[in-house]
Amino acid sequence: MDVTVFGIGYVGLVQAAVLAEVGHEVVCVDINAERVESLKKGIIPIYEPGLTPLVQRNYEAGRLQFTTDAEFGVKHGKIQFIAVGTPPDEDGSADLQYVLAVAKTIATYMETPKVVVDKSTVPVGTADKVAECIAAILKARGVSLDFDVVSNPEFLKEGAAVADCQRPDRIVIGTDSAVAENKMRELYAPFNRNHEKLIVMDVRSAELTKYAANCMLATKISFMNEMANLAEKLGADIEKVRLGIGSDPRIGYHFIYPGCGYGGSCFPKDVQALVRTAEKVGYTPELLRSVEAVNGRQKEKLFNHLQSYFNGDLAGKRIALWGLSFKPNTDDMRDASSRVLMENLWAAGAIVQAYDPEAMNETQRIYGTRSDLNLMGTKESALNGADALAVCTEWNAFKAPDFDLIKETLNHAVIFDGRNLYDPAILEAQGIAYYGIGRGRSY
Ligand code: NAD
């Protein structure tokens, strides 16, 4: 099928490449000319495992094209995906300006019927807005063309995006139109072979499904962080508690890891956006507000531990920081916990010596060159001359470090572990002080 994807970010690029791989003819349109030019040269602007060869292979085969020419894009695809960003605006609501800009573009250039698909995470009611926008422009152009607006939220996880798109758990399709449903079934048929994954529903329910999914996951994290904070006060170890509750199949082991807060481009903004949506319809979202508040507090946790350890005097201290991305296997730093820690450390006069396997360029892009940030080539070199080690991201490379080296190299043998990667008892035996999340037993 001929498909057009507007927005070549984490969602658009991965989805486009995966659709091209199964034989669809995909044109990707982005307003970022630099991004489009690099993709044409085979340079992939984001880090996602498996993405580079997938994009290169399909580009070379001619099934995947990159352009800034929106008119060409609109004329190409029977199906038009909108996969642009929906960042928070000043009050935390989802900012729909990019989504509506694409809707206008589609309406301006379309000459045949189209199925317009909202892939971006958008508040309930957005498909109606997109449809109104397209209808108004078609009317102004004096043309009458059929079109449907479908909600097809994306559930991929950064760091496993290619695998998630190739083997989705479910494909949610929100539409009341049989024509649109059939087109979507045809598009996704290659991904729907071994068992039925398509869940078809009305548009508004599909739009809410995406927010409900992310808010549920964020709630699980904040719940565990609340338990971790209690464990700390009560002299219990949250890691033991985690095992104890996860063994109940009604709870399960997934997504119940305590830590120094959730980040990324989705959970923080989607929880916030659903809070605003609820408020706009006169509902008080008590639980969601708390999820957000607990997370905000959790992101301060490592800094608070560091401050107490150094008796409130962090001026001139060098802190080795392992992990900058908001989670492993991505270079995405949006709302990452590491940023809160670094910014707090800088405000307290400390110097950060950071290492991350993939997010060093992104850190440089965000913070530029500053005398209190040293980006180091290896995790070991980040320890040189440092007073303490803090860990913000659970990259595999950090899971079994050389503790002897850490102890020898740091000025103070102390680790602040924001992801509970290490066993406090083992570190104690090695003579390394340990501060994790919710490890309340005194080691
Ligand atoms: P992103 O910021 O990585 O990419 C968005 C792209 O859209 C950018 O390249 C930007 O230049 C482009 N763009 C903006 N306006 C445009 C226009 N008018 N025409 C063409 N291109 C335009 O964003 P993302 O992380 O891919 O997220 C996209 C949407 O998908 C968001 O709504 C997000 O909430 C949702 N989502 C993201 C993830 C994720 O893990 N990143 C997962 C599921 C859903």
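The legends below describe close-up views of a predicted model.

Residue numbers start at 1 in each chain and follow the sequence as written. In this predicted model, local features need pLDDT of at least 70 and side-chain atom pairs count only at pLDDT 80 or more, while totals for chains, interfaces and linings use all residues.

**View 1. The two domains of the chain and their contacts.** The domain assignment, which is automatic or from a database, gives domain 1 (2-200) and domain 2 (202-443). Their C-alpha centres are 32 Å apart. Across the boundary, 26 residues of domain 1 are in contact with 26 residues of domain 2; two residues are in contact if their C-beta atoms, placed from the backbone, lie within 7 Å. Helix H6 (126-141) and strand E7 (171-174) are the elements that give two or more residues to the side of domain 1 that touches domain 2. E7 gives the most, with three residues. Helices (H or I, at least four residues) and strands (E, at least two) are DSSP runs, numbered from the N terminus.

**View 2. The two sides of helix H10 (residues 238-246).** Ile-238, Glu-239 and Arg-242 are buried in this helix. A residue counts as buried if 20 or more other C-beta atoms lie within 10 Å of its own, as exposed if 12 or fewer do, and as partly exposed in between; these C-beta atoms are placed from the backbone. The three buried residues are on the same side of H10 because they cover an arc of only 105 degrees around the axis. The arc is that of the directions from the helix axis to the C-beta atoms. Leu-243 and Gly-244, on the other side of H10, are exposed. Helix H9 (203-234) is included in what covers the buried residues.

**View 3. The surroundings of Cys-266.** An unreviewed UniProt entry places the feature "active site" at Cys-266; such annotations may be inferred rather than shown by experiment, and their positions are given in the numbering used here, with feature names shortened. Cys-266 is in the loop between H10 and helix H11 (267-280). Cys-266 counts as buried because it has 26 C-beta neighbours inside 10 Å. Leaving out residues up to four places away in sequence, Cys-266 touches Thr-121 and Asn-214.

**View 4. An open sheet of six strands, with two helices against it.** The strand order is E11-E10-E9-E12-E13-E14, and the pairing is parallel. Two strands pair if DSSP finds at least two bridges between them. Strand E11 (373-375) and strand E14 (433-435) are the edge strands, each pairing on one side only. From one strand to the next, the twist averages 20 degrees. Strand E12 (residues 388-391) is joined to strand E13 (residues 414-417) by three bridges, and Val-391 has Asp-417 in E13 as its bridge partner. Helix H13 (residues 301-309) lies across strand E9 (318-322), E12, E13 and E14, at about 160 degrees to E13. Helix H14 (residues 337-347) touches E9, strand E10 (351-355) and E12, and its direction makes about 175 degrees with that of E9. Axes are lines fitted to C-alpha atoms, for helices over the stretch in contact, and angles run from 0 to 180 degrees between N-to-C directions.

**View 5. Asn-329, a residue with positive phi.** Asn-329 is not a glycine, yet its phi is about 65 degrees. Its place is in the loop between E9 and H14. Asn-329 is partly exposed, with 19 other C-beta atoms within 10 Å.

**View 6. Asn-420, a residue with positive phi.** Asn-420, also not a glycine, has a phi of about 50 degrees. The loop between E13 and helix H17 (424-430) holds Asn-420. Asn-420 is buried, with 22 other C-beta atoms within 10 Å.
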